[in-house]
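This briefing sets out selected structural features for use at the bench. It proceeds by topic, beginning with strand pairing.

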Amino acid sequence: SWFTDSMREGRPVTVETRHCIPATSSTATECSPPTAATNVSQYACLRRTTTENHNKIFTDVFEELAENSEFNESKGPCLAFRRAASVLKSLPSAVHCLGAIQGLPCLGEHTKAVMEEILIFGRSFKVEEVQSDERYQALKLFTSVFGVGPKTAEKWYRRGLRSLKEILAEPNIQLNRMQRAGFLYYMDISKAVSKAEAKALRSIIEETAHWIAPDSKLALTGGFRRGKEYGHDVDFLLTVPEMGKEEGLLLRVIDRLRDQGILLYCEHQGSTFDMSKLPSRRFEAMDHFEKCFLILRLEEGQMEGDGGLQKDPGESRGWRAVRVDLVAPPVDRYAFALLGWTGSRQFERDLRRFARKERGMCLDNHALYDKTKKLFLPATSEEDIFAHLGLEYVEPWQRNA
Ligand code: DCT
Ligand code: MG
């Protein structure tokens with residue numbers, strides 16, 4: 001009520017903070033910036049970002065605004081919101097006043113106005129407007145189905161469809177195989193996957209791979225490698241020490257998973273990787289390695305000690321479905337694939353941008369190319385790649401940008 005009282009009386013409002021010295025002039029915008037703000041880089045690969053996010057109240061809002069911009073195909077604003085969220089995630093403490101973000105990169109007038117709303121009112125009217133928008137709600141719901149991207153979601157929305165039930169009831173809609181699996185396992189795969197579940201899957205797939213190729217290696221990548229407790233899927237890289245021996249391995253692993261009765265869905269993509277076609281001129285969303293997008297059946301009994309399955313209380317069935325991505329790069333591309341698949345997406349974007357803008361190099365999931373020297377830089381570890389880029393090594397758990 002101190003706030004509403006001061007508003008009524010037209011008095012300026014002080015937002016008390018732990019990290020800023022409240023200015024005597026007492027407005028939300030006028031407290032001194034922490035010294036740390038002055039040396040935060042615009043590149044996520046020059047920042048350390050753990051899973052501990054002290055500014056979730058802002059970053060959640062920015063991520064929703066980014067998603068909305070993406071639905072509206074507003075690329076500029078989308079990137080601006082994503083970058084703002086990423087910078088705030090890297091801060092060592094919570095922002096309590098606008099003064100604290102002075103000098104930080106990637107925070108423009110627009111994003112600052114949103115933050116001011118949150119600081120003063122404890123909520124963002126802008127994001128509430130977005131959340132109550134019928135189109136946003138429908139597109140968010142539709143794209144939450146595995147296999148449904150923004151284009152398909154938009155098409156369904158334009159046909160007047162608003163709920164998943166309506167889509168399933170619409171006779172003229174032809175779902176592809178991936179979308180049918182997405183709907184079939186919707187309740188399970190829209191539930192977060194826990195670290196314990198990821199570890200259980202790791203053991204299962206590793207055992208399967210070893211049975212086929214005893215010298216194969218399975219690496220957990222994606223969010224779990226960055227130390228996240230939960231994810232929307234589980235990402236793995238599968239390799240063998242000898243070049244070329246990876247060919248056909250993934251298909252055999254898939255067959256074996258099917259024999260074990262745990263393969264609920266599989267979309268396999270053969271390798272289209274061709275070193276002679278690199279460096280790629282345009283940015284591609286997907287790399288060219290052999291991979292498969294799976295839905296696996298995880299049994300309660302396969303969970304080791306630390307925790308049961310993530311499912312609704314009262315759910316009696318002893319298994320759940322989990323989304324798994326399995327990628328099989330040739331071993332000489334392993335370091336690049338590992339770096340790329342570890343993410344986060346924002347960290348990867350900024351690594352590539354840094355390489356291009358600051359080093360005249362071209363980085364993707366396959367290779368690092370020096371455009372001045374006109375040569376590919378070899379790497380057997382992630383450390384090698386950071387070294388080529390002249391960057392201090394950033395540990396996976398510091399890449400949650
Ligand atoms: N990636 C990639 N190419 C793709 C898809 C993903 O290089 N076509 C990278 C970017 C991040 C990483 O792989 C893992 O992708 P996600 O599983 O989507 O992200 P995540 O960080 O693991 O998030 P979540 O915890 O929600 O799975
Ligand atoms: Mg993932």
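Leu 237 has Val 327, in strand 7, as its bridge partner. Strand 4 and strand 7 (residues 319-328) pair in the parallel sense over 4 bridges. The model described here is predicted.

**The five-strand sheet**

- Strands 2, 4, 7, 6 and 5 form an open sheet of 5 strands in the order 2-4-7-6-5, and the pairing is mixed.
- At the edges stand strand 2 (217-220) and strand 5 (263-269), each of which pairs on one side only.
- From one strand to the next, the twist averages 25°.
- Helix 11 (residues 195-212) lies across strand 2, strand 4, strand 6 (290-299) and strand 7. Relative to strand 2, helix 11 runs at about 165°.

**Annotated binding-site residues**

- An unreviewed UniProt entry lists Asp 233, Asp 235 and Asp 325 under "binding site".
- These residues are spread over 93 residues of sequence, yet they cluster in space, with a largest C-alpha distance of 7.4 Å.
- Asp 233 is located in the loop between strand 3 (230-231) and strand 4 (234-239), whereas Asp 235 belongs to strand 4.
- Asp 233 has 19 C-beta neighbours inside 10 Å and therefore counts as partly exposed; a residue is classed as buried when 20 or more other C-beta atoms lie within 10 Å of its own.
- Asp 235 has 22 other C-beta atoms within 10 Å, so it is buried.
- Beyond its neighbours within four places in sequence, Asp 233 is in contact with Val 193, Arg 323, Val 324 and Asp 325.
- With the same exclusion of neighbours within four places in sequence, Asp 235 is in contact with Thr 221, Gly 222, Asp 325 and Trp 341.

**Surroundings of ligand 1**

- Ligand 1 is surrounded by 17 residues, of which the closest are Gly 222, Gly 223, Gly 231, His 232 and Gly 343.
- Helix 12 (222-225), helix 14 (334-342) and helix 15 (345-359) are the elements that give two or more residues to this shell.
- The shell around ligand 1 comprises 8 polar, 6 charged and 3 nonpolar residues.

**The three-strand sheet**

- A further open sheet has 3 strands in the order 8-9-10, paired in the antiparallel sense.
- Strand 8 (361-363) and strand 10 (375-376) each have a single partner strand, so one side of each is left without a neighbour in the sheet.
- Strand 8 pairs with strand 9 (residues 368-370) over 3 bridges, in the antiparallel sense.
- Opposite Cys 362 stands Tyr 369, in strand 9.

Definitions and conventions
Residues numbered from 1 in each chain as written. Chains lettered and ligands numbered in written order. Predicted model: local features only at pLDDT ≥ 70, side-chain atom pairs only at ≥ 80, totals over all residues. Near = placed C-beta within 6 Å. Nonpolar A, V, L, I, M, F, W, Y, C, P; charged D, E, K, R; others polar. Pairing = 2+ DSSP bridges. UniProt positions renumbered as here; feature names shortened; annotations may be inferred. Buried ≥ 20, exposed ≤ 12 C-beta atoms within 10 Å, placed from the backbone. Contact = placed C-beta atoms within 7 Å. Axes fitted to C-alpha atoms, helices over the stretch in contact; angles between N-to-C directions.
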